[in-house]
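Hi everyone, thanks for making time for this one. I'd like to walk you through a structure and stop at a few residues along the way, so please have it open in front of you.

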Amino acid sequence: MNEPKQPPILMPGGNAIQPRMVLWSITIVAVGLSLFQLYSAGIQPLGLFYQRSIHLSLIMILAFLMFPAFGPTRKRGVLGWAIDLLFFAGAILTGGYLVLNLDEIFSRAGFWSSTDILVACIATVTVLEASRRAVGFGMTVIGLLAIVYAFAGPRGELPWLGQWMPGILEHRGYGIDRVAGQLYLGQEGIFGLPLGVAATYIFIFVLFGAFLECTGAGKFFIDMAYAATGRQRGGPAKAAVLASAGMGSISGSAIANVVTTGAFTIPLMKKLGYKPKQAGGIEAAASTGGQIMPPLMGAGAFLIAEYTNTPYLEIVKVSILPAIMYFATVYLFVHIIALKQGMQGLPKSELPQMRQVMKDGWHFLLPLAVLVWLLVMSMSPMRVGFYAVVTMVVVAVLRYALWFFFVAPSQGQAVTVSRTLGVIRAGLVKLVEGLELGARNAVAVSMACAVAGIIVGVVGLTGLGLKFSSMMLAFSGGNLVLALVMVLLASLVLGMGLPVTASYIVLIVLVGPALTAEFGVPLLVAHLVVFWYSQDSNVTPPIALAGFAGAAIAGSKPMETSFQAWKFAKGLYLIPLFMVFNPEIIMGGPVPVVIWNGIIAILALGAFAAALEGYLFTRMSWFPRIAITAAIFGVFYPNLMTEIAGVVVMTVAIGANWLASRREAPATPVSG
């Protein structure tokens with residue numbers, strides 16, 4: 001098939017140069033996918049396998065259209081189109097075969113036909129290739145390694161490989177029929193729980209976020225944050241923290257959050273006096289926090305709810321306090337740097353007025369209010385997302401209609417047939433844009449969940465989860481802190497090749513049983529800890545994806561910016577530890593105990609930020625910094641007297657620093 005003659009066009013939201021025909025195809029498939037998701041979410045729910053198989057087929061077709069086989073900078077050419085046509089057929093076959101033959105497949109119940117196995121092999125290869133293009137090579141490699149591991153054993157396809165396995169990882173090995181059946185035709189493979197969550201809850205909320213983005217909600221959140229904090233010391237940086245919390249709570253990606261809010265906040269932070277690496281690091285740390293901020297939590301809330309059998313609303317409620325603690329820590333870092341460098345806020349004339357911001361954008365709060373209200377009413381999250389999207393569209397239409405028919409005429413803009421048709425056309429274009437953007441934004445997370453299903457299927461087939469638990473217990477010697485350090489290191493290694501959602505799924509399948517059964521960590525706490533630790537690939541060198549995005553906007557060195565992001569995001573490592581040793585803040589308990597734990601956690605995080613920066617009200621010498629660090633360990637230890645001793649030490653150190661600042665002359669800027 002020859003390349004179309006139309007000039008290539010830069011695809012919105014991607015790097016690939018695409019011909020016009022391909023762009024139209026992307027729009028048609030993306031809009032069709034979004035309409036299918038809305039239909040199945042709010043009008044006619046479908047059976048699990050029907051929903052997941054149709055969703056995956058459309059997602060894979062979209063992935064092959066959006067991402068050429070040989071990379072974004074090269075034309076497809078005849079060979080590229082030939083490869084793509086094969087994979088288009090594979091994507092249609094993957095979903096179509098299940099939809100058309102589901103009853104017969106269920107009736108065979110494990111006695112698969114040769115056609116079943118052939119289609120299963122084609123589907124697995126197609127999923128891995130779509131993942132390579134949409135998510136990255138690392139995800140595909142891990143999926144392939146999982147399949148090879150399933151084959152390695154005396155009764156498997158690769159018996160010789162089993163001889164090289166360490167004793168604890170040995171298993172019987174499985175043939176291609178059993179592995180293919182497990183991955184494609186079973187309930188723990190490609191179409192398992194991860195893809196099920198992506199095809200229902202995650203997609204509909206990603207679509208909601210896309211409509212907010214298309215209608216200008218991002219600017220509303222940023223303006224509101226600037227109006228609230230702009231005049232304070234380090235105002236733009238504080239606005240970045242608040243805006244990232246607002247946008248991140250409904251965004252599915254820390255990197256997208258950096259690009260969206262950072263384009264506004266990073267230049268203003270630099271203008272105020274923050275070093276470029278600090279500005280990029282602050283935005284990266286704040287945007288990463290958006291992934292742990294309810295209600296969406298970067299899709300994590302839905303996965304945790306499904307894995308733990310806990311109502312979604314309960315996950316949201318228990319996640320609010322830890323998220324506030326995280327953002328309070330980043331906010332304090334920002335404030336300390338502003339004090340340390342003698343910064344001031346922006347003049348009032350350069351800031352938006354809160355009254356005007358609310359007047360222009362109050363309607364963005366209505367869909368969020370509807371979302372929260374319906375969740376409180378215990379409605380299904382998928383149905384909640386449907387009504388939130390519908391509310392967003394209706395509110396946008398009504399607001400513009402009121403302006404067009406009542407406000408515009410008073411300003412001399414007459415309502416005519418041609419202008420009305422033009423407005424309707426523009427509204428339909430905006431609607432298509434939102435539907436397309438939502439589908440495009442969901443491609444990566446859905447493909448990550450599909451490959452994560454392959455890994456989960458192999459873990460279930462080979463018993464790798466129990467083996468991993470035994471290894472973890474042996475290496476840690478039964479010490480919970482060492483076990484958590486191992487989880488943290490594993491999350492960092494996985495994060496180099498996997499997106500956050502996939503990293504969480506793989507980790508919780510491997511280490512979850514050990515944390516709960518062997519170390520006694522409550523199930524919900526174990527999931528939250530692993531989910532929080534899975535975020536660290538966004539801010540931890542050498543692969544700090546959000547840090548790199550912040551560096552690109554700030555014009556700073558990627559590694560320097562990543563180290564700054566790592567410093568500001570320290571709550572990502574400390575708060576999960578506090579959850580483990582003081583589970584009352586998650587699991588509940590006597591009110592005084594919960595309040596006490598919340599207070600000491602916030603105090604410890606604030607004191608830690610001061611000790612790390614060596615500054616709070618004024619410079620802090622080495623002795624109180626060391627004392628505070630030791631006191632933090634005491635606060636994290638689950639013993640009341642130890643906690644009280646730690647609180648006393650931190651209070652004395654902070655109080656002494658405040659008194660020292662009162663004795664000093666009027667503050668002068670401090671270098672560094």
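Let's start in the loop between H13 and H14, where we find Asn309. What is the phi of Asn309 near? The value is near 55°, which is positive, and this is a residue other than glycine. As for its surroundings, Asn309 counts as exposed, because its relative accessibility is 73%. Please keep in mind that we are looking at a predicted model here.

Now look at the two helices that this loop joins. Helix H13 covers residues 300–308, and helix H14 covers residues 312–340. Phe302 sits in H13 and Tyr312 in H14, ten residues apart, and the two form a pair that links distant parts of the chain. The rings are stacked, with 4.7 Å from centre to centre and 10° between the planes. Both partners, Phe302 and Tyr312, are buried.

H13 has another aromatic residue for us, Tyr307. Its partner is Tyr504, and here the ring centres are 6.4 Å apart. Why is this pair called edge-to-face? The planes of Tyr307 and Tyr504 stand at 75°, and the cut-off for edge-to-face is over 60 degrees, so the pair falls in that class. Tyr504 belongs to helix H21, residues 500–518, so this pair ties together parts of the chain that are 197 residues apart in sequence.

Are the two tyrosines buried or exposed? Tyr307 has 24% relative accessibility and therefore counts as partly exposed. Tyr504, at 1%, counts as buried.

Stay with H13 a moment longer, because Ile304 lies there too and counts as buried at 0% relative accessibility. Which residues does Ile304 contact, leaving aside its neighbours within four places in sequence? The list is Ile315, Tyr504, Leu524, His527, Leu528 and Phe531. You will recognise Tyr504 there, the partner of Tyr307 in the edge-to-face pair. For a sense of scale, take Glu436, which is 132 residues from Ile304 along the chain: their C-alpha atoms are separated by 28 Å.

Let's move along H14 to Ile336. This residue is buried as well, with a relative accessible area of 0%. Not counting residues up to four places away in sequence, Ile336 touches Ala609, Ala610, Glu613, Tyr615 and Leu616. Compare that with Leu118, which is 218 residues from Ile336 in sequence and 62 Å from it in space, C-alpha to C-alpha.

Some of those contacts of Ile336, including Ala609, bring us to helix H27, which spans residues 591–613. Asn597 is in that helix, and it is buried, with a relative accessible area of 2%. What is Asn597 in contact with, apart from its neighbours within four places in sequence? Phe578, Asn582, Glu584, Ile585 and Glu643.

One more single residue: Leu473, in helix H19, residues 464–476. Leu473 is partly exposed, at a relative accessible area of 30%. Its contacts, once neighbours within four places are set aside, are Gly478, Glu518 and Phe519. Val459, 14 residues from Leu473 in sequence, is 18 Å away, C-alpha to C-alpha.

Let's zoom out. How many aromatic pairs does the structure hold? There are 18. There is also an aromatic cluster made of Phe49, Phe106, Tyr184 and Phe191.

As for the chain as a whole, it has 29 helices and two strands. Why look at the radius of gyration? For 672 residues, a compact globule would have a value near 26 Å, and this chain has 26 Å, so the two agree. Along the principal axes, the C-alpha trace spans about 85 × 80 × 50 Å. Of the 672 residues, 54% count as buried. Among contacts between residues at least 6 apart in sequence, 73% join residues at least 24 apart.

Last, the surface and the charges. The accessible surface comes to about 28,100 Å², and 69% of it belongs to carbon and sulfur atoms. The chain carries 39 positive and 26 negative side chains, with the centres of the two sets 12 Å apart.

That's my tour, and I'm happy to go back to any of these spots with you.

Terms used:
Residues are numbered from 1 along each chain as its sequence is written. This is a predicted model: local features need pLDDT of at least 70, side-chain atom pairs count only at pLDDT 80 or more; totals for chains, interfaces and linings use all residues. Side-chain values use heavy atoms; hydrogens and water are left out. Helices (H or I, at least four residues) and strands (E, at least two) are DSSP runs, numbered from the N terminus. The radius of gyration is taken over C-alpha atoms; the globule rule is 2.2 Å times the number of residues to the power 0.38. Buried means under 20% relative accessible area, exposed over 50%, partly exposed in between (1.4 Å probe, protein chains only). Contact means heavy atoms within 4.5 Å. Accessible areas come from the Shrake-Rupley method with a 1.4 Å probe; for residues, only the protein chains shown count as cover. Lys and Arg count as positive and Asp and Glu as negative; His and the chain ends are not counted. The place of a charge is taken as NZ of Lys, CZ of Arg, CG of Asp or CD of Glu. Rings of Phe, Tyr and Trp (its six-membered ring) pair if their centres lie within 6.5 Å; planes under 30 degrees apart count as stacked, over 60 as edge-to-face and the rest as tilted.
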